[in-house]
Amino acid sequence: MESIIEVRNIKKTYKKRKSKEIITAVNDISFTVNKGEILGLLGPNGAGKTTTIKLICGLLIPDSGFIKVNGIDTQEKRLHALRHISAVLEGNRNLYWRLTVRENLEYFAGNRGKSRKEVALEIDDLLEKFRLKEKEKELVNRLSRGMQQKLAIAVAMLADSEVILLDEPTLGLDVETGYEVREMLQDIVKNYNRTIIISSHDMDVIQNLCERTVIINHGEIVTNDKVDNLLRLFDVRAYTITLDGFLSEHQQQLLLQKFPQLEYIPDTIQSTLKVDLTKSEEIYDLFDVLKLEHTPVESIDKKTVNFEEVFMKIVKGEKQYAMV
Ligand SMILES: Nc1ncnc2c1ncn2[C@@H]1O[C@H](COP(=O)(O)OP(=O)(O)OP(=O)(O)O)[C@@H](O)[C@H]1O
């Protein structure tokens with residue numbers, strides 16, 4: 001597959017103003033993004049996501065390493081490279097707050113060298129799609145945060161850039177607006193052929209929109225893999241088994257030999273077993289031990305891992321990966 005973005009060994013440090021302490025925000029990161037791909041950039045607070053996005057869109061210059069967009073080095077031919085990119089950053093700096101919704105769209109279309117008339121239909125279509133038609137004459141500074149966010153994404157779409165960078169597109173939005181923005185992004189992903197990089201804390205955004213995710217922790221890449229692969233890799237089922245009675249010492253020993261991470265929690269008249277299994281068949285080994293002394297099972301509860309749990313496990317370093 002053809003890559004459109006190449007990030008190679010980039011490092012970025014900041015110097016704290018008062019203490020002069022050096023902070024390494026991004027440390028020797030490398031990854032590529034293929035044409036038409038939706039890549040999720042994931043990581044805990046302070047991991048280096050925003051710095052990476054700002055480096056790619058040319059707002060920051062790396063201390064070392066390089067970034068190429070469509071094969072063009074962003075430092076050697078900055079303007080030429082960045083023509084291929086639109087970014088929606090925190091605070092929606094790509095909007096003019098004293099212009100109306102429609103004026104913003106017209107202004108950015110004008111930047112593309114198109115007349116008002118030419119883009120009128122395209123703008124109508126975007127206003128409709130982003131559910132902003134009713135607000136087209138409203139000044140941007142009077143819009144809610146969610147509406148501003150939607151407009152910022154619409155403006156990025158209008159620029160026709162092949163690559164769109166979205167930094168935390170659902171951050172700070174209420175549940176409903178967050179859901180609406182996610183739906184819109186899903187529509188963009190499906191119907192417009194763009195390459196998108198999304199940085200987010202929101203696991204639903206990553207799980208629903210992205211094919212692949214680069215997980216960053218402490219400025220370094222810990223995983224670069226398809227979302228489906230990660231879910232499969234951590235496809236553990238967490239079982240909670242309630243027993244009408246207790247396990248003998250012998251049973252406890254047998255179970256711990258077979259399942260070292262098993263938790264046995266005796267209560268007053270019942271007891272509970274908690275265990276993560278990677279293969280469903282392993283549950284039969286557990287039942288064999290219970291059968292030995294005819295321990296009655298009252299209930300079995302099974303929970304499958306979701307992407308949020310996968311993320312937590314990776315960040316905590318529970319599994320090692322071969323980098324893609
Ligand atoms: N302008 C700056 N000056 C000094 N340190 C900075 C600056 N910007 C970011 N940092 C530090 O660099 C590290 C990475 O920050 P960055 O904003 O890239 O992380 P992030 O993953 O986007 O975090 P969050 O999810 O909290 O937004 C953090 O330790 C942060 O405090």
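**Strands, a core helix and some unusual backbone angles**

In this predicted model, K11 sits across from S64, a residue of β4. That pairing belongs to a bigger arrangement: strand β1 (residues 3-15) runs antiparallel to strand β4 (residues 64-69), with five bridges linking them. β1 also has another partner, strand β2 (residues 22-34), and here the antiparallel pairing spans nine bridges. One of the matched pairs is T13 with T24, the latter in β2. β1 and β2 form a hairpin with six residues between the strands, and in that hairpin K20 has a positive phi near 65°.

β2 holds a little surprise of its own. D28 is located in this strand, and its phi is positive, about 60°, even though D28 isn't a glycine. Is D28 exposed, buried or partly exposed? It counts as partly exposed because it has 14 C-beta neighbours inside 10 Å, and a buried residue would need 20 or more.

Zooming out, the protein splits into domain 1 (3-232) and domain 2 (236-304). Taken over C-alpha atoms, the centres of the two domains are 47 Å apart.

Next comes the inside of the protein. In soluble globular proteins, nonpolar side chains tend to be buried together. Here the largest nonpolar core has 69 residues, and the members touching the most others are L105, A154, V155 and L165. Helix α5 (residues 145-158) is the top contributor to this core, supplying eight residues. Once neighbours within four places in sequence are set aside, the contacts of L105 are I123, L126, A154, V155 and L158.

So what does α5 look like? It is 14 residues long and covers 20 Å from first C-alpha to last, close to the 20 Å expected at 1.5 Å a residue. Most of the helix is covered, with ten of the 14 residues buried; among them are Q149, K150, A154 and V155. What do the buried residues of α5 pack against? Their packing partners are the strands β6 (85-88) and β7 (163-167), plus the helices α3 (101-111), α4 (116-129) and α6 (175-191). Right after α5 ends, D160 adopts a positive phi of about 65°.

One last odd angle turns up further along the chain. H294 lies in the loop that links α10 (282-292) and β14 (297-304). Though not a glycine, H294 has a positive phi of about 50°. Unlike the partly exposed D28, H294 counts as exposed, because it has 7 C-beta neighbours inside 10 Å and the cut-off for exposed is 12 or fewer.

How values were computed: Residues are numbered from 1 along each chain as its sequence is written. This is a predicted model: local features need pLDDT of at least 70, side-chain atom pairs count only at pLDDT 80 or more; totals for chains, interfaces and linings use all residues. Domain bounds come from an automatic or database domain assignment. A nonpolar core is a set of buried Ala, Val, Leu, Ile, Met, Phe, Trp, Tyr and Cys residues joined through C-beta atoms within 7 Å. Helices (H or I, at least four residues) and strands (E, at least two) are DSSP runs, numbered from the N terminus. Two residues are in contact if their C-beta atoms, placed from the backbone, lie within 7 Å. The expected span of a helix is 1.5 Å times one less than its number of residues. Two strands pair if DSSP finds at least two bridges between them.
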